[in-house]
Amino acid sequence: MKLLFIGDIVGQPGRNAVKTLLPRLREQHALDFVIANGENSAGGSGITPKTAEEIFSAGVDVITSGDHLWDQKEVMELLANEKRLLRPLNYPPGTPGQGAGVFEVQSPKSKAQSPISVGVLNVQGRTFMPPLENPFLFAAQEVKWLRELTKIIFVDFHAEATSEKIAFARFLDGQVSAVVGTHTHVQTADEQIFPGGTAYLSDAGFTGPHESVLGREIEPVIRRFLTNMPQRFEVAKERVILHGAVIEIDDASGKALKIQRVGEIVNG
Ligand SMILES: [Fe+2]
Ligand SMILES: [Fe+2]
């Protein structure tokens with residue numbers, strides 16, 4: 001089976017990019033399943049029922065998130081009712097929402113007769129990030145029960161440090177189909193398949209305006225670095241690109257066969 005993971009969708013330009021490009025990408029890559037990180041989908045910070053609905057109607061099957069998940073108060077409603085939205089797993093027990101789920105592929109394009117189940121796991125790093133529970137321990141435990149349901153498992157590891165990302169993915173090598181990083185908004189060029197069969201990319205990049213600093217207007221960010229005073233960071237507008245990765249997975253073993261970075265510019 002083939003899945004597309006879309007890096008952090010930033011604001012309206014990011015949502016529009018998904019709407020515009022996803023139908024063609026689904027065709028072109030014969031995609032079975034689409035996962036997107038939506039932590040910045042509402043005005044650059046957080047996610048609301050409205051922006052989540054927009055992303056789902058554009059053809060995304062599951063939305064993952066990260067540290068910006070909590071920025072809009074309407075997210076509580078989503079976490080209570082929307083099983084297709086995941087939050088990082090390693091928040092303390094009792095936190096609303098869930099960090100993992102198993103989803104059915106609606107119409108598998110491969111030769112597989114039986115329906116295909118995909119496990120999706122969202123975990124957050126803690127190096128240069130808020131101090132959550134240990135992502136390695138939480139993920140290992142969660143992967144154990146996910147593997148009883150399916151061997152096809154995708155992990156969005158939302159983290160800052162490449163060392164933590166690589167170590168985390170190496171730790172899960174052979175246990176999951178793919179680990180792709182998010183949060184830095186900068187796509188890395190280190191896509192590879194580890195010896196155990198886990199596909200890896202340190203960061204998927206972000207989907208939104210790239211004439212920017214990580215999706216925000218350039219000038220206020222420079223002013224912030226010059227003066228250290230707080231600034232309003234509006235979402236930028238120009239050079240909108242969809243960033244992500246397509247991963248091909250063997251249905252029976254859950255091992256990755258191929259990983260390819262995606263960078264598609266929206267014209268006009
Ligand atoms: Fe982000
Ligand atoms: Fe983030």
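This passage describes a cavity and the packing of one helix in a predicted model. Residues are numbered from 1 along each chain as its sequence is written, and chains are lettered from A, with ligands numbered from 1 in the order in which they are written. Local features need pLDDT of at least 70 and side-chain atom pairs count only at pLDDT 80 or more, while totals for chains, interfaces and linings use all residues; side-chain values use heavy atoms, with hydrogens and water left out.

A search of the whole structure finds one cavity of 30 Å³ or more (a set of points on a 1 Å grid over the protein atoms alone where a 1.4 Å probe fits but cannot get out). The volume of the largest cavity, taken as the space filled by probe spheres set on the points, which are joined across faces, edges and corners, is about 30 Å³. Its lining (residues with an atom within 4 Å of a point) consists of Lys2, Val246, Ile247, Glu248, Lys258 and Gln260. Two elements, β11 (240–249) and β12 (256–265), each give two or more residues to this lining; strands are DSSP runs of E, at least two residues, and helices runs of H or I, at least four, numbered from the N terminus. The most is given by β11, with three residues.

Helix α5 spans residues 162–172, and Glu164, Lys165, Phe168, Ala169 and Leu172 are buried in α5 (under 20% relative accessible area, 1.4 Å probe, protein chains only). These residues lie on the same side of α5 because they cover an arc of only 125° around the axis, the arc being that of the directions from the helix axis to the C-beta atoms. The buried residues of α5 pack against β5 (117–124), α4 (135–147), β6 (153–158), β7 (178–182) and β9 (199–201), with contact meaning heavy atoms within 4.5 Å. Gly174, with a positive phi near 90°, follows α5.

Note on methods. 1 Å grid on protein atoms, 1.4 Å probe; cavity = no way out; pocket = protein on both sides within 12 Å on 5 of 7 lines; lining within 4 Å. Buried < 20%, exposed > 50% of the residue type's maximum accessible area, 1.4 Å probe, protein only.
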